[in-house]
Amino acid sequence: AQNLFWNHHGEAMQRLGYLPDGTIQEPHKLFESKLRTQLGLKSPGKKKVPKVLVESSKMLEAGNDGVKRYQFELLKEFQSLDRSKIEIDLLLRDKIIGLDKLNLENLVNRTEDSIEETDSIEEVDPRMDYEKGLLSIKSQVKGVLSEDVYEAGARIYRAIPIRKGLDLIRIGVRKLRFEQVKTMFSEYSLLHIPLPQHAHWFADVRIKKLITVHDLTHQSHPNFHTEDNITNCKDGFESLKSNSSTYSITISQSTQADLKMLDKKLAKRSRTIYEAASSNFKMCRDDEESARLRAKYSLPHVPYIVCLSTIEPRKNLPNTIKAFMKY
């Protein structure tokens with residue numbers, strides 16, 4: 001009789017917290033707390049989901065450099081994670097936005113020409129309102145003044161540092177906003193910074209930090225960097241060295257070796273994780289598609305390579321060409 005009962009009602013009984021041998025287990029999570037009380041069980045506390053904050057100011061820049069693409073691919077993968085197990089927010093200059101509330105494609109495909117047309121950017125980038133405000137004032141002034149008077153006023157405007165003063169005020173306001181948003185950082189288990197140049201902004205933030213180190217060319221090839229960039233890099237690596245709760249990712253063994261030369265202790269808190277191509281890139285086996293692309297870019301029917309980089313001496317394009325010729 002007992003076996004017949006459990007054959008018919010075993011699933012329901014186990015959901016209620018009863019087992020065939022008479023022991024009591026946790027009831028199904030969908031049952032009310034009243035049932036748990038009747039079973040003499042404590043109501044479980046709400047499980048705390050770890051929160052990660054990703055510094056993402058690169059995503060607000062026009063253009064599409066390597067670091068921006070790197071971050072875009074990371075964030076795209078993060079979107080597929082189970083939000084019941086981890087929560088990821090983005091720090092977009094002085095605003096924190098949930099990753100699930102952003103259209104990443106709109107962010108990464110921005111160009112200088114499309115900035116004003118991208119509505120999703122205005123929600124997260126305070127510069128847009130600022131620039132549009134100045135353009136609106138300019139348009140209104142131009143509409144009420146004669147062309148001669150407007151041009152005379154424009155020359156005066158350009159001659160005196162009004163714009164510089166406005167920029168200083170805007171930067172000051174942004175710094176205040178940033179200090180306010182920093183008070184929210186304690187909610188997070190980890191802060192990911194995709195570029196060492198940005199690390200010095202968070203030197204006084206007392207949560208675990210993870211910094212992606214792409215290269216140390218500011219040290220090996222300083223002649224290919226601006227003074228500001230070198231200073232920001234040095235400050236970023238200093239914040240890495242001075243904080244034992246700061247870790248780093250290097251994207252190659254070469255970068256890891258350079259980091260070890262810079263600071264052995266720092267290298268011990270680092271792990272090499274290679275960058276991979278997006279799953280969008282596949283071997284093309286369609287002859288018609290291949291012919292269309294060759295025609296579009298005027299490519300001859302001979303072997304060729306595509307090199308994705310900026311046209312800068314530090315990219316070492318001559319050696320890329322020499323390597324291809326040898327191959």
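A helix here is a DSSP run of H or I at least four residues long, and helices are numbered from the N terminus. By that count, Val144 belongs to helix 6. One caution before going on: this is a predicted model.

Let me stay with Val144. Its relative accessibility is 67%, so it counts as exposed, the cut-off for that being over 50%. Val144 is also part of a nonpolar patch on the surface, together with Ile137, Val141, Leu145 and Val149. The patch covers about 430 Å². Which element gives the most to it? That is helix 6, with three residues.

Helix 6 also has a part in a patch of charge. Lys138, Lys142, Arg155 and Arg158 gather on the surface as a positive patch. Two elements give two or more residues to it: helix 6, residues 126-144, and helix 7, residues 147-159. Take Lys138, which lies in helix 6. Is Lys138 exposed or partly exposed? Its relative accessibility is 47%, so it counts as partly exposed; exposed would need over 50%.

Now the strands. Strand 4, residues 190-193, pairs with strand 1, residues 51-55, in the parallel sense, over three bridges. One of the partnerships there is Leu53 with Leu191 of strand 4. Strand 4 is also joined to strand 5, residues 208-213, by four bridges, and these two run parallel. For that pairing, take His192, whose bridge partner in strand 5 is Leu210. As a general point for reading strands, side chains in a regular strand alternate between the two faces of the sheet.

To recap, helix 6 gives residues to the nonpolar patch and to the positive one. Strand 4 pairs with strand 1 and is joined to strand 5.

Note on methods: Residues numbered from 1 in each chain as written. Predicted model: local features only at pLDDT ≥ 70, side-chain atom pairs only at ≥ 80, totals over all residues. Heavy atoms only, no water. Pairing = 2+ DSSP bridges. Patch = residues over 30% accessible without salt bridge, like charges linked within 9 Å, V, L, I, M, F, W, Y side chains within 5 Å. Areas by Shrake-Rupley, 256 points an atom, 1.4 Å probe, with all protein chains shown as cover. Salt bridge = Lys/Arg side-chain N within 4 Å of Asp/Glu carboxyl O. Lys, Arg positive; Asp, Glu negative; His and termini not counted. Charge placed at Lys NZ, Arg CZ, Asp CG, Glu CD. Buried < 20%, exposed > 50% of the residue type's maximum accessible area, 1.4 Å probe, protein only.
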